[in-house]
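Here are my notes on the model you sent, as numbered points. They take up the ligand site, one helix and one loop glycine.

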Amino acid sequence: MKLSVIGCGYLGAVHAAAMASIGHDVVGIDVDVRKIEALQQGHAPFYEPGLPEILQQGIASGRLRFTTDMSEAADATVHFVGVGTPQQRDGDAADLTYVNAAIDDLLPFLKPDDIVVGKSTVPVGTAAQLTPRVDAVGATLVWNPEFLREGWAVQDTIHPDRIVVGIPPTEAGTRASNILREVFHTATANDTPFIVTDLATSELVKVAANAFLATKISFINAMAEIAEVTGADVTQLADAIGHDDRIGRRFLGAGIGFGGGCLPKDIRAFAARAEELGRGESVAFLREVDEINVRRRDRAVQLVVGALGRQVYNKRVTVLGAAFKPHSDDIRDSPALDVAVRLRGLGALVTVTDPAALANAQAQHPQLTYVHDRDAALQGADAVIVVTEWDEYRRNLTPEHAASLVNQRIIVDGRNCLDPSAWRAAGWSYYGMGRP
Ligand code: UDX
């Protein structure tokens, strides 16, 4: 099938390459010339395991190409819109500028019976607002939220755990959902749940899923706060409640909390939209979820300050990690970098290392010192803090080796990813998040 993918960021670039890898003929379109040049040469413009391989295969097969020229969408019959919906500069709501622009730019090239598939995360009601414009040219607008996780995006796109399609209550809507079944043939052949619903539900499914995940993380971080004043261990607590199938252990990792380009802005946009709809109280708890999350960053900073005997000025602090999570170079709303910046603000000499995110971090926070080599970054440290649980830090760094590099054996485990007994046995003062 001939597909276009408008917006080639974390979502669109992966979607375009993944669709080509399952046999479709795909054109990826973006306004960013540098991004398109990189993609066209088979280079992923961001770190995503497996993406370079499927990009290069797709381009070599002739089924995948990238352009800045929207007119090239004219050949396609199914058009995915995966542009960003960032938080507004002066508020919590989502900024729909790019979604509106993508639809406006695409309209002149749409043909009757074409299908426009919104993938961007949008406030509920957006698809209904856009529908008349798409209807006017005889095409059909549907919504197909994306649940991919950065770091696992290729696998999540080709083998999603569910496919949700919001359609209008018309014959054209039903036809569109049948065509999407064919587009996602590898998943539907494996009996992946394929949920056809109305437009509003499909928009809400996405924000509800992210709100639930954020709430789960903040729940366990709230338990960490209680553990801190009672001497309890939140990781054991998470293991114990996680054995209950109704609760589950995943996303009960207490630490410095969630960040990234999705969870923080999505819960804020959801709360803002609910307020617009006169139902602010229904998701008022999301404000609390946000506050708990940000408090954990303060806590991590306090642990470093306390461990250094409140003498932070001119102390060397090595920050292990900059990305908002491992297997990613994404630093959007990264708790890791926020902690680093706060420590620098207190006068510490902060050295940051990360296997993938240093270039992005340096561009955004030039006041910090960046060192690529982990061991060089640890050299002479008065305190070390782990803020992104890359294997380089949680598996491949032994407390004995780290001890041979640092000035003082102080380790703050901002992700509860180290074995406290092993670090203590090697002479370290170990501080976890919500653990004694
Ligand atoms: C998220 C959703 O998981 C995905 O379905 C949606 O499509 C986009 O938003 P992503 O932003 O890639 O994906 O990251 P995710 O793996 O969900 O992690 C988000 C943040 O939560 C990270 O900062 C991570 O470190 C943190 N986290 C995760 C915790 O603090 N504890 C946990 O137990 C799990």
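1. A residue is called exposed here when its relative accessible area is over 50%, and buried when that value is under 20%. The model is predicted. By that cut-off, Gln57 and Ala60 of helix H3 are exposed.

2. The opposite side of H3 deserves a look. Helix H3 covers residues 51–61, and its buried residues are Leu51, Ile54, Leu55 and Gly58. Viewed down the helix axis, these buried residues fall within an arc of 105°, so they line one face of H3. The general background is that an α-helix has 3.6 residues a turn, so residues three or four places apart point the same way. Gln57 and Ala60 lie on the other side of H3.

3. What do the buried residues of H3 pack against? Their partners are three helices and a strand: helix H1 (10–21), helix H2 (33–40), helix H6 (153–158) and strand S3 (64–67). Just after H3, Gly62 has a positive phi of about 85°.

4. On the ligand site: 20 residues surround the ligand, and those that come nearest are Phe147, Leu148, Glu150, Gly253 and Phe324. The shell divides into 10 nonpolar, 4 polar and 6 charged residues. Helix H9 (residues 199–230) gives the most to this shell, with 4 residues.

5. Which backbone atoms come up against ligand oxygen? A backbone N or O atom of Phe147 lies 2.8 Å from an oxygen atom of the ligand. For Glu150, a backbone N or O atom is likewise 2.8 Å from a ligand oxygen atom. At Gly253, a polar backbone atom is 2.8 Å from an oxygen atom of the ligand. On its own the ligand has 660 Å² of accessible area, and the protein covers 90% of that.

6. The last point concerns Gly261, which sits in the loop between helix H10 (234–242) and helix H11 (263–276). Is Gly261 buried or exposed? Its relative accessible area is 12% and the cut-off for buried is under 20%, so Gly261 counts as buried. Leaving out residues up to four places away in sequence, Gly261 touches Asp330 and Arg332. Gly261 and Asp290 are 29 residues apart in sequence, and their C-alpha atoms are 14 Å apart in space.

Key:
Residues are numbered from 1 along each chain as its sequence is written. This is a predicted model: local features need pLDDT of at least 70, side-chain atom pairs count only at pLDDT 80 or more; totals for chains, interfaces and linings use all residues. Side-chain values use heavy atoms; hydrogens and water are left out. A residue is near a molecule or strand if one of its heavy atoms lies within 4 Å of it. A polar contact is a pair of N or O atoms within 3.5 Å; within protein, one must be able to donate a hydrogen and the other to accept it, and residues adjacent in sequence count only if both atoms are side-chain atoms. Accessible areas come from the Shrake-Rupley method with a 1.4 Å probe; for residues, only the protein chains shown count as cover. Helices (H or I, at least four residues) and strands (E, at least two) are DSSP runs, numbered from the N terminus. Ala, Val, Leu, Ile, Met, Phe, Trp, Tyr, Cys and Pro count as nonpolar, Asp, Glu, Lys and Arg as charged, and the others, Gly among them, as polar. Buried means under 20% relative accessible area, exposed over 50%, partly exposed in between (1.4 Å probe, protein chains only). The arc is that of the directions from the helix axis to the C-beta atoms. Contact means heavy atoms within 4.5 Å.
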